[in-house]
Amino acid sequence: MDESLEKVVAFIEEKKLDFSSIPDGFTAFISCAGFHEKRSPGFHLSVGLIKKLGLIGLAIDFDLYCHNE
């Protein structure tokens with residue numbers, strides 16, 4: 001999941017996307033979904049990635065699903 005987020009952040013930085021003009025009452029965020037067969041292996045977000053996300057001004061929503069039979 002962290003690698004995918006790194007790619008999304010790199011895309012946002014490359015395109016110089018600006019989310020600061022989003023009107024009040026609206027929220028922009030990155031939505032991540034993880035699907036696992038038995039248990040979630042967890043994920044790690046580096047300090048650098050967290051700092052970049054803070055500068056971009058986006059929240060992150062994580063949804064983790066386990067398809068245990």
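Here is a short conversation about reading this predicted model, with a focus on helix α2.

Me: Where do I start? Which elements does the chain have, and in what order do they run?

Reply: Begin with the elements from the N terminus on. The chain has two helices and two strands, and they run α-β-α-β.

Me: Let's take helix α2. Which of its residues are buried?

Reply: Helix α2 spans residues 47–56, and L49, L53 and I56 are buried there. Buried here means under 20% relative accessible area.

Me: Why do these buried residues lie on the same side of α2?

Reply: First the general idea: an α-helix has 3.6 residues a turn, so residues three or four places apart point the same way. Now the case here: L49, L53 and I56 of α2 cover an arc of only 60° around the axis, which puts them on the same side of the helix.

Me: What does the face turned away from the buried side carry?

Reply: That face of α2 carries the exposed residues V47, K51, G54 and L55.

Me: And what do the buried residues of α2 pack against?

Reply: They pack against α1 (2–15), β1 (29–36) and β2 (59–66).

Me: Which residue follows α2?

Reply: Look for G57 just after the helix; its phi is positive, near 85°.

Me: Stepping back, how do I read the overall form of the chain?

Reply: Try the radius of gyration. For the chain this is 14 Å, whereas a compact globule of 69 residues would have one near 11 Å. The C-alpha trace spans about 45 × 25 × 20 Å along its principal axes. As for burial, 17% of the 69 residues count as buried.

Methods:
Residues are numbered from 1 along each chain as its sequence is written. This is a predicted model: local features need pLDDT of at least 70, side-chain atom pairs count only at pLDDT 80 or more; totals for chains, interfaces and linings use all residues. Side-chain values use heavy atoms; hydrogens and water are left out. Buried means under 20% relative accessible area, exposed over 50%, partly exposed in between (1.4 Å probe, protein chains only). Helices (H or I, at least four residues) and strands (E, at least two) are DSSP runs, numbered from the N terminus. The arc is that of the directions from the helix axis to the C-beta atoms. Contact means heavy atoms within 4.5 Å. The radius of gyration is taken over C-alpha atoms; the globule rule is 2.2 Å times the number of residues to the power 0.38.
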